[in-house]
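Work through the exercises below with the model open. Each task is followed by its solution.

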Amino acid sequence: MVFWEGYVSDEVMGIFAPIVVYWLYGGFYQLLPPLDGYRLHTRKEEEEKNLLSLSKVVKGVLLQQLLQAAVAHALFLLTSTADESGITIQPSIPVQFVQIIIGMLVMDTWQYFMHRYMHQNKFLYRHVHSQHHRLVVPYAIGALYNHPLEGLLLDTIGGAIAFLTSGMTARTSVFFFCFATVKTVDDHCGLWLPGNIFHIFFQNNTAYHDIHHQLPGTKYNYSQPFFSIWDKILGTHMPYTLVKRPEGGFEARLVKEVKD
């Protein structure tokens, strides 16, 4: 039993819930006061380094979410296991938990290698992936600001593969994709807030991904959105240290920079 049962189908929730969650969670960060004491970059840095208007970022995200919704709709149509009465038998909670873990690992694997390839292939980086890196100072609402081709290949197809290989139902996918969305938004929020559970339970977090957005770190910390396993296995893991800025806030510095 889920709260939307009897109101909308699992498939409709699977299509639209991650989009709604994105704007709610990203909007929450956008509406917060400046919080200069917790920022990983100063407001001045954000104004100087990010050359994109907020409206352009919003339009880019909406385009990606339109493609995402279309693929999700097709995916649910092709994989539906509902009986003649429209009921889908749901697996047990432990099975769903395992499916979500498998989905996380599969998504991480796909995104690591696709993300890394987009950095190594000069054509793809220049014409596709560099669009995401135009936000040198990441912020929450810009988490899914990508070139449409990257949004399709990296996020949407990666999510579809995770869904298919894990065997999860549309209902389970609602929780999986909403969690992945919240994690992605948080990784781009640009704030190091005390008590943030993602910073406590995940090494791959806001500061970890911030290193990747800095020029010296663009060849490191490709892993997203959950774990840093592939970075550690394949030698692209760049540890960092958080240094307090005199004017307030923190700076995520590459460990090798600190040693130098």
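**Exercise 1.** Is Phe179 buried, partly exposed or exposed?

Solution. The model is predicted. Take the relative accessible area of Phe179: 29%. Buried needs under 20%, and exposed needs over 50%. Phe179 is therefore partly exposed.

**Exercise 2.** Classify the ring pair of Phe179 and Phe198, then place both residues in the chain.

Solution. Start with the geometry. A pair of aromatic rings is described by the distance of the centres and the angle of the planes. The centres of Phe179 and Phe198 are 6.1 Å apart. Their planes meet at 40 degrees, so the pair is tilted. Now the location. Phe179 sits in helix α7 (residues 170-187), and Phe198 in helix α8 (residues 197-201). The two are 19 residues apart, and the pair links distant parts of the chain. Phe198 has a relative accessible area of 6%, so Phe198 is buried.

**Exercise 3.** Repeat the analysis for Phe179 and Phe202.

Solution. The distance is 6.4 Å centre to centre, with 45 degrees between the planes. This pair is tilted. Phe202 lies in the loop between α8 and α9 (206-213), and Phe179 in helix α7, so the pair ties together parts 23 residues apart in sequence. Phe202 is buried, at 13% relative accessible area.

**Exercise 4.** Which residue lies over the face of Phe202, and which residues form one aromatic cluster with Phe202?

Solution. Lys183 lies over the Phe202 face, 5.0 Å from the ring centre. The cluster holds Phe176, Phe177, Phe179, Phe198, Phe202, Phe226 and Phe227. The structure as a whole has 19 aromatic pairs.

Key:
Residues are numbered from 1 along each chain as its sequence is written. This is a predicted model: local features need pLDDT of at least 70, side-chain atom pairs count only at pLDDT 80 or more; totals for chains, interfaces and linings use all residues. Side-chain values use heavy atoms; hydrogens and water are left out. Rings of Phe, Tyr and Trp (its six-membered ring) pair if their centres lie within 6.5 Å; planes under 30 degrees apart count as stacked, over 60 as edge-to-face and the rest as tilted. Helices (H or I, at least four residues) and strands (E, at least two) are DSSP runs, numbered from the N terminus. Buried means under 20% relative accessible area, exposed over 50%, partly exposed in between (1.4 Å probe, protein chains only). A charge sits over a ring if NZ of Lys or CZ of Arg is within 6 Å of the ring centre and within 35 degrees of the ring normal.
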